[in-house]
Amino acid sequence: MPRVEDHALVREVVSQYLIQDRHAVKLATNGRETLSKFQSGSSDVVVTDMAMPEMSGDQLAAAIKRASPDTPVILLSGFGDMLQAVGARPEAVDLVVSKPVKLATLREALATVG
């Protein structure tokens with residue numbers, strides 16, 4: 001499961017949540033790195049940040065869906081509540097989750113897309 005986040009602390013916390021629940025996690029610091037890792041192996045789901053250097057989360061989601069339309073993409077965003085309130089989920093994103101994310105919320109999101 002690729003997990004991309006440009007902020008090291010957030011990346012570490014979310015990856016520990018996933019590892020704690022026995023998910024195999026591939027970490028990346030930007031969208032291009034994630035896309036490369038995704039293309040080199042199978043993934044059940046991609047969890048990404050929205051605002052990242054080199055490639056945004058919605059651009060990454062679109063590239064993931066072109067390569068593998070059935071792979072769910074979860075977008076973590078500090079603007080998640082606002083996006084949900086106005087119904088502004090990017091087209092290639094399956095689910096938007098607000099940051100900071102709690103373990104229970106992440107588990108729920110994974111169950112929803114899984």
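**Exercise 1. The Lys65 salt bridge**

Task: Find the salt-bridge partner of Lys65, then place both residues in the chain and classify their accessibility.

Solution.
Step 1. In this predicted model, Lys65 forms a salt bridge with Asp94. Their closest N and O atoms are 2.7 Å apart.
Step 2. Locate the ends. Lys65 belongs to helix 3. Asp94 sits in the loop between helix 4 (80-86) and strand 5 (95-98). The two are 29 residues apart, and the pair links distant parts of the chain.
Step 3. Classify Lys65. Its relative accessible area is 17%. Buried means under 20%, so Lys65 is buried.
Step 4. Classify Asp94. Its relative accessible area is 35%, so Asp94 counts as partly exposed.
Step 5. List the surroundings. Leaving out residues up to four places away in sequence, Lys65 touches Thr71, Pro72, Val73, Ala92 and Asp94.

**Exercise 2. Two more salt bridges**

Task: The structure holds five salt bridges. Take Glu54 with Arg32 and Lys37 with Glu33, and describe how each pair is placed in the chain.

Solution.
Step 1. Start with Glu54 and Arg32. Their side chains meet at 4.0 Å, N to O.
Step 2. Place this pair. Glu54 lies in the loop between strand 3 (46-49) and helix 3, while Arg32 lies in helix 2. The separation is 22 residues, and the pair links distant parts of the chain.
Step 3. Check accessibility. Glu54 has a relative accessible area of 54%, so it is exposed. Arg32, at 48%, is partly exposed.
Step 4. Turn to Lys37 and Glu33. The N to O distance in this salt bridge is 3.5 Å.
Step 5. Place the second pair. Both residues lie in helix 2, four residues apart, or about one turn of the helix.
Step 6. Check accessibility again. Lys37 is partly exposed at 29%. Glu33 is partly exposed at 28%.

**Exercise 3. Helix 1 against helix 5**

Task: Describe the packing of helix 1 and helix 5: angle, axis separation, handedness and contact residues.

Solution.
Step 1. Set the geometry. Helix 1 (residues 8-20) and helix 5 (residues 103-113) pack at an angle of about 65 degrees. Their axes are 10 Å apart.
Step 2. Assign the hand. The crossing of helix 1 with helix 5 is right-handed.
Step 3. Name the contact residues. Helix 1 supplies Val14, Tyr17, Leu18 and Gln20. Helix 5 supplies Leu103, Leu106, Arg107 and Leu110.
Step 4. Sort them by character. Six are nonpolar, one is polar and one is charged.
Step 5. Add a residue from helix 1. Val10 lies in this helix and is partly exposed, with a relative accessible area of 28%. The C-alpha atoms of Val10 and Pro100 are separated by 8.2 Å, though the residues are 90 apart along the chain.

**Exercise 4. The nonpolar cores**

Task: How many residues are in the largest nonpolar core, and which of them have the most contacts inside it?

Solution.
Step 1. Count. The largest nonpolar core has 15 residues.
Step 2. Pick out the centre of contacts. Leu35, Val46, Leu60 and Ile64 have the most contacts inside this core.
Step 3. Assign elements. Helix 2 (31-39), helix 3 (57-67) and strand 4 (73-77) each give two or more residues. Helix 3 gives the most, with four.
Step 4. Look beyond this core. Apart from it lies another core, of 12 residues, including Leu18, Val101, Leu110 and Val113.
Step 5. Link back to the helix packing. Leu18 and Leu110, which are among the residues of this other core, also take part in the contact of helix 1 with helix 5.

Key
Residues are numbered from 1 along each chain as its sequence is written. This is a predicted model: local features need pLDDT of at least 70, side-chain atom pairs count only at pLDDT 80 or more; totals for chains, interfaces and linings use all residues. Side-chain values use heavy atoms; hydrogens and water are left out. A nonpolar core is a set of buried Ala, Val, Leu, Ile, Met, Phe, Trp, Tyr and Cys residues joined through side-chain atoms within 4.5 Å. Buried means under 20% relative accessible area, exposed over 50%, partly exposed in between (1.4 Å probe, protein chains only). Contact means heavy atoms within 4.5 Å. Axes are lines fitted to C-alpha atoms, for helices over the stretch in contact, and angles run from 0 to 180 degrees between N-to-C directions. A crossing is left-handed if the near helix is turned anticlockwise from the far one by less than a right angle, and right-handed if clockwise. Ala, Val, Leu, Ile, Met, Phe, Trp, Tyr, Cys and Pro count as nonpolar, Asp, Glu, Lys and Arg as charged, and the others, Gly among them, as polar.
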